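The following exercises ask the reader to work through the packing of strands and helices. Each task is followed by a solution set out in steps.

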Amino acid sequence: MNFVSHLECSLTGARYPAGRLMGLSEAGKPLLVRYDLDRLRRAVSKEALLRRAPEMWRYRELLPMRDAASIVSLGEMMTPLIAAPATARRLGGGELLVKDEGRLPTGSFKARGLAVAVSMAKELGVTRMAMPTAGNAGAALAAYCTRAGIESYVFCPEDAPDITVSEIALLGGRAWRVNGIITELAPILDGGTAALHWFNASTLKEPYRVEGKKTMGIELAEQLGWELPDAIFYPTGGGTGLIGMWKAFAELEALGWIGGKRPRMVAVQSATCAPIVRAFEEGTEFAAPVEGGHTSVPGLRVPATLGDFLILRALRESGGFAIAVDDDEVEPARAALAQSDGIHLCPEGAATLAAYQKALAEGRIGRGDRVVLFNCATGLKYPMPPVTRRLDRHQPIDYTAL
Ligand SMILES: *Cc1c(COP(=O)(O)O)cnc(C)c1O
């Protein structure tokens, strides 16, 4: 039940055979998996999917594994699409939905990408994998590698959150903190690849994480009755998810599972680390790396990505845009949604809400638009405001003042 036809360089279109271990294309760009969609259309219907278990592997014909036995799974459930009516009303917007990816194994949507990447690595005989990561990708790599009997080496920049670095080590990954920012860690990966034959699982340096993240787009379509929303706000670091969803929509349309309507894709970044926003506004095909690029939002600390031109293409083809939010808008947005709709976003998810609010106020998003925000991780992994109020049970209590 495999429908992969070949791998393709995302820039030049050069073709490579499927079924062997690959990193980047000869042009140094990401490889994308291509499928024989005509054959796939005849083999499976979207109605048939509904009878399958509610997990990402229900889309297995649109995934690259040759053998179902290769699947490395920790319970990748379909994530809920939760309405936020109180916030929509408060902001004067249309229907507002949160795709809560924090329910996945290791508490983030990195699980989707790494579940597929590690499954493929296992199928292709890999024994050691490595990556640089701000945290969540490393936790997912460690978990799936441990599950698959593959060694994992994970390198975290100095400012990676303690909780995710500890999570990586707890899950059996060899976790290291390194003095530098994420883009400065690449030479360590090259060194280990030469010395210990690590398979490099860095963002977009192997073809299969995108395929895992693609399931967010298929799942979203299915959950909305195969009718895509008007806009998707996506917190963009490396951009794997945005690229993956855009690829999913093209495949779904080619299969005849959806019509021609596509959502406007909106890339959300932090004002202090916004290479995609700058490139979008300047109209360039590629994005120049941002110098320094610190932000308090860990998932957005990505000053340069190999997928820059693919993200920019998706934004432009969809009639979407890139938008930056200030770091100090993020926590208020997180608290606002938590306290009006009971939904706990991670800071990256909260950045999409701040961006939505801004885009709505500026008229870039219509007041009747149905919008999906991606909450990419559980808010519980991130610091929350401390509570300082104390009650002395030995003193009389003024209940009306509580
Ligand atoms: C990785 C990550 C992102 C960015 O995702 P990309 O698909 O790489 O752009 C956003 N938020 C969180 C919580 C992440 O872990």
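Three exercises on this predicted model follow.

**Exercise 1. The open sheet**

Task: Determine in which order the four strands form the open sheet, and which strands are the edge strands.

Solution.
Step 1. The order of the four strands is S8-S7-S6-S9, and their pairing is parallel.
Step 2. Strand S8 (174-178) and strand S9 pair on one side only, and these two are the edge strands.
Step 3. Two helices can then be placed against the strands. Helix H6 (residues 162-170) lies across S7 and S8, and runs at about 150° to S8. Helix H7 (residues 186-196) lies across S6, S7, S8 and S9, at about 170° to S6.

**Exercise 2. Strand S6 and its partners**

Task: Establish whether strand S6 (residues 128-132) is largely enclosed or open, and describe how S6 is joined to S7 and to S9.

Solution.
Step 1. A residue counts as buried when its relative accessible area is under 20%. In S6, four of the five residues are buried, and therefore the strand is largely enclosed by the rest of the structure.
Step 2. Strand S7 (residues 151-157) runs parallel to S6, and five bridges join the two. Within this pairing, Met131 has Val154 as its bridge partner in S7.
Step 3. To pass from S6 to S7, the chain goes through helix H5 (residues 136-148); this β-α-β crossover is right-handed.
Step 4. Strand S9 (residues 199-200) also pairs with S6 in the parallel sense, over two bridges. Phe199 in S9 is the bridge partner of Met129, and Asn200 in S9 is that of Ala130.

**Exercise 3. The packing of H12 and H13**

Task: Classify the packing of helix H12 (residues 330-341) against helix H13 (residues 347-361), and characterise the residues of the contact.

Solution.
Step 1. Two packed helices are described by the angle between their axes and the distance between the axes. For H12 and H13, the angle is about 90° and the axes are 8 Å apart.
Step 2. Angles of 65 to 115 degrees count as roughly perpendicular. H12 is therefore roughly perpendicular to H13.
Step 3. From H12, the residues Val330, Glu331, Ala333, Arg334 and Leu337 meet Pro347, Ala350, Ala351, Leu353 and Ala354 of H13.
Step 4. Sorted by character, the residues of this contact comprise eight nonpolar, no polar and two charged.

Definitions and conventions. Residues are numbered from 1 along each chain as its sequence is written. This is a predicted model: local features need pLDDT of at least 70, side-chain atom pairs count only at pLDDT 80 or more; totals for chains, interfaces and linings use all residues. Side-chain values use heavy atoms; hydrogens and water are left out. Axes are lines fitted to C-alpha atoms, for helices over the stretch in contact, and angles run from 0 to 180 degrees between N-to-C directions. Angles under 35 degrees count as roughly parallel, over 145 as roughly antiparallel, 65 to 115 as roughly perpendicular and the rest as oblique. Contact means heavy atoms within 4.5 Å. Ala, Val, Leu, Ile, Met, Phe, Trp, Tyr, Cys and Pro count as nonpolar, Asp, Glu, Lys and Arg as charged, and the others, Gly among them, as polar. Buried means under 20% relative accessible area, exposed over 50%, partly exposed in between (1.4 Å probe, protein chains only). Two strands pair if DSSP finds at least two bridges between them. A crossover is right-handed if, with the strands pointing away from the viewer, the path from the first strand over the helix to the second runs clockwise.
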